[in-house]
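Open the model in your viewer and keep the sequence panel beside it. The tour below moves from the whole chain to a sheet, then to the cysteines, and ends among aromatic rings.

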Amino acid sequence: MFDERRRQRALEELKVLDTPRDERVDRVARLAQQMFGVPMVSVSLLDRDRQWRKSEIGLGGSEAPRQDSFCDYTVRQDDTVVVEDATATELFSANPFVVGDPHLRFYAGHPLHAPGGEPIGTLCVLDTVPHTFTDAHRDLLRDLAFWVQSELAHDAELDHAAVIQRALGPQILPVLAGYTVAGGAVARAKLAGDFFDLSLHAGALRITVADAMGKGLGPALLAASVRASLRTAPGRRLVDAIAEIDALLEEHLSETSAFVTAVHAELHPETGELEIVDAGHGLAFIHHPDGSWEHLRSFGLPLGMGSGLATVEARTARRTRLAPGDSFVCCSDGLLDVLDQEDRFGHVSRTLTSQGPEGAVREALRLAETERATDDVTVVVVRRDP
């Protein structure tokens, strides 16, 4: 029995309506056009009173009325519908889409389903001249529709995962007397392999910036695992926390070649003492009020890269001190793409001096939203106020 209310709810839960074109779905539409030799293809999702097209070829618009549409009929049947010559069928010969624009004669559509099985739309191929449609054609159309359906569900899953990922990040930055604390991140795609964390423990500020190599769901899951591990037992020494992640990745992910670069630091606000462990990240600095920079260099390997080798030296922490006016700056390598390529340090220095830590982070995130960005961008700045 057709349940319109349940079908509409399932469609809305996917959160696909009125989203931008998707190259993966467009590619399936192009294949359908070539395979069936038709001038028109549509991936249509049926909203309350309209059919909205996630992808279309030859139809000249992103939506059309749902009433009297072939796609509405297909969704209600919840089965493949083939009309080889609409003018020769009693059901469709007087249809507005047949007697009027686009003057359809041929239609073949297969329903698209939400993850719960509700029919929410169609993949359809159309022409203004009749076609013969074989059983092999039906099988091919069904397979292509399943491909589109999988892509739409994948998008919805990524959207949900992105919401959860953002919720796991710092929602409110710690307040530290005598210091200004700022941080932010922008994902290049829906899910980020970068993350930052800022938390207070026993009066000290724990600072983490990490970057799981690669893009997509795998690096995002890896980043979440590293963040969770570093959050566990915050009383551990920095080197012990990093060593435990090394062991975890070595034990479980050694065959995947997955690794993570990271900076894990602790700031003691009374003295300005900063302890830092750098696991192959190399992008941690102190910016001094006179505009000079101190690069907190480290030669440690990334997390999960060769931690089991006997020749690898044990992790060591570096200690330094933030004087009044100094800023600890740490970022992911995505920031390098959006800075002034001729004078990256000068670019950051000028921004920090003129806009302060919070303004500098906002500017970095603004640049991360531009076309210059090719990767996730994450930035943390902690300044000891003058």
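Begin with everything selected, and look at how the contacts are distributed: in the protein, 68% of the contacts with a separation of 6 or more are between residues 24 or more positions apart. This is a predicted model, and its secondary structure comes to nine helices and 16 strands. Of the 386 residues, 49% count as buried, while the accessible surface comes to about 18600 Å², with 53% of that area belonging to carbon and sulfur atoms.

Next, select the strands β8, β9, β10, β11 and β14, which in that order form an open sheet with antiparallel pairing. Which strands stand at the edges of this sheet? They are β8 (194–201) and β14 (318–321), and because each has a single partner strand, one side of each is left without a neighbour in the sheet. Looking across the sheet, you can follow a twist that averages 15 degrees from one strand to the next.

Stay in the sheet and narrow the selection to residues 204–212 and 260–268, which are strands β9 and β10; the two run antiparallel and are joined by eight bridges. To find a point of reference in this pairing, pick Arg206, whose bridge partner in β10 is Glu266.

Now select the cysteines. How many disulfides does a search of the whole structure find? The search finds zero, and Cys71 is a useful place to check this, because its sulfur is 3.6 Å from the closest cysteine sulfur, that of Cys124, which is too far for a bond when a disulfide requires the sulfur atoms to lie within 2.5 Å. Cys71 itself counts as buried, at 3% relative accessibility. Move on to Cys330, which is likewise in no disulfide, the nearest cysteine sulfur being that of Cys331 at 6.4 Å; Cys330 is also buried, with a relative accessibility of 0%.

Finally, turn to the aromatic residues, where a search of the whole structure finds eight aromatic pairs. Select Tyr73 and Phe92, which form an edge-to-face pair with 5.4 Å from centre to centre and 90 degrees between the planes. This pair links distant parts of the chain, 19 residues apart, since Tyr73 lies in helix α3 (residues 70–77) and Phe92 in the loop between β4 (81–83) and α4 (96–99). Tyr73 counts as partly exposed at 29% relative accessibility, whereas Phe92 is buried, with a relative accessible area of 7%. Add Phe70 and Tyr107 to the selection to complete the view, as ring pairs link Phe70, Tyr73, Phe92 and Tyr107 into a cluster.

Terms used
Residues numbered from 1 in each chain as written. Predicted model: local features only at pLDDT ≥ 70, side-chain atom pairs only at ≥ 80, totals over all residues. Heavy atoms only, no water. Helix = DSSP H or I, 4+ residues; strand = E, 2+ residues; numbered from the N terminus. Buried < 20%, exposed > 50% of the residue type's maximum accessible area, 1.4 Å probe, protein only. Contact = heavy atoms within 4.5 Å. Areas by Shrake-Rupley, 256 points an atom, 1.4 Å probe, with all protein chains shown as cover. Pairing = 2+ DSSP bridges. Axes fitted to C-alpha atoms, helices over the stretch in contact; angles between N-to-C directions. Phe/Tyr/Trp six-rings, centres within 6.5 Å; stacked < 30°, edge-to-face > 60°.
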